[in-house]
Amino acid sequence: MSSIPAGAESLLDQLLRMLEDPRAPIASSTVPHAREVHIADSLSGLEFEPVRSAGRIADVGSGAGLPGLPLAIALPGARIDLIESVKRKCAFLTEAIARIGIDNAHVVCERSEDWAAGDGLEAYDAVTARAVGSLATLAELASPLLREGGVLVAWKGASSAEEEAEARRGADRTAMEALEIRTVQPYPSSRDRHIHLLRKNGPTPNGLPRRPGMAAKRPFGSERN
């Protein structure tokens, strides 16, 4: 993993303490191991050069700010927009940014489809997503947010041939091309962790974004010929 800037460790420690708070929107079972399963896992995205060099990143379905907040701490020269539609989670993100002092992170409390239809349209070099939805769903959500040539970086567990095939079937309608599936081991006992890299290979297709919820319910590529 790439080195993180001076001072980042103390900020990551502050974020860890916030994640350990019972109000944090993470599974309680993960709290004792939050440094590994949340912080280190999020920072594994730094293995990808398009993440390290991105000027503007959208973290879709940000939840507790994972991977967006650790990446914002590690990449102080990038702007990270945390896109989250659940108000309780938005409140946590807003408090975390203020308490820790993460000046380059900003909360967008909207559905990603609504944001992509307005100020977020083709505004980003990279979109990140961790434990949000299927690859086909994420490809559709990311496409209108990304500039041409921008990338989707999707954190996944065990590799799924069917999920990958679904995303490929929808590629013509999302303009998202699969580039790489990389095995990552963010901490010694981690198992079956993969990060998928997809690139937007053309202009945003007509009809994107669709209305909120459609990408999750009936993603492009879910139909079988």
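How are helix 1 and helix 2 oriented to each other? In this predicted model, the two helices pack at an angle of about 130 degrees, and helix 1 and helix 2 are therefore oblique to each other. The points below take up this packing, then the burial of helix 2 with His38 as one of its residues, and lastly the disulfide formed by Cys90 and Cys109.

**Packing of helix 1 and helix 2**

- Helix 1 spans residues 8-19 and helix 2 spans residues 34-43, and where they pack their axes lie 10 Å apart, with a crossing that is right-handed.
- On the side of helix 1 the contact is made by Leu12, Asp13, Leu15, Leu16 and Leu19, while helix 2 contributes Ala34, Arg35, His38, Ile39 and Leu43.
- By residue class, the contact of helix 1 with helix 2 comprises 7 nonpolar residues, alongside 1 polar and 2 charged ones.

**Burial of helix 2**

- Helix 2 is mostly covered, since 7 of its 10 residues are buried under the cut-off of 20% relative accessible area.
- The buried residues of helix 2 are Ala34, His38, Ile39, Ala40, Asp41, Ser42 and Leu43.
- These buried residues pack against helix 1 and also against helix 4 (68-74), strand 4 (124-130) and strand 5 (146-156).

**His38 within helix 2**

- His38 has its place in helix 2, and with a relative accessible area of 8% it is buried.
- When neighbours within four places in sequence are left aside, His38 is in contact with Leu19, Ile26, Thr30, His33, Leu66 and Arg130; one of these, Leu19, is also among the residues through which helix 1 makes its contact with helix 2.

**The disulfide of Cys90 and Cys109**

- The structure holds 1 disulfide, formed by Cys90 and Cys109 with their sulfur atoms 2.3 Å apart.
- This pair links distant parts of the chain, 19 residues apart, with Cys90 in helix 5 (residues 87-100) and Cys109 in the loop between strand 3 (105-108) and helix 6 (112-116).
- The link of Cys90 and Cys109 is right-handed, with 100 degrees about the S-S bond.
- Cys90 counts as buried because its relative accessibility is 5%, whereas Cys109, at 38% relative accessibility, counts as partly exposed.

Notes. Residues are numbered from 1 along each chain as its sequence is written. This is a predicted model: local features need pLDDT of at least 70, side-chain atom pairs count only at pLDDT 80 or more; totals for chains, interfaces and linings use all residues. Side-chain values use heavy atoms; hydrogens and water are left out. Axes are lines fitted to C-alpha atoms, for helices over the stretch in contact, and angles run from 0 to 180 degrees between N-to-C directions. Helices (H or I, at least four residues) and strands (E, at least two) are DSSP runs, numbered from the N terminus. Angles under 35 degrees count as roughly parallel, over 145 as roughly antiparallel, 65 to 115 as roughly perpendicular and the rest as oblique. A crossing is left-handed if the near helix is turned anticlockwise from the far one by less than a right angle, and right-handed if clockwise. Contact means heavy atoms within 4.5 Å. Ala, Val, Leu, Ile, Met, Phe, Trp, Tyr, Cys and Pro count as nonpolar, Asp, Glu, Lys and Arg as charged, and the others, Gly among them, as polar. A disulfide is a pair of cysteine sulfur atoms within 2.5 Å. Buried means under 20% relative accessible area, exposed over 50%, partly exposed in between (1.4 Å probe, protein chains only).
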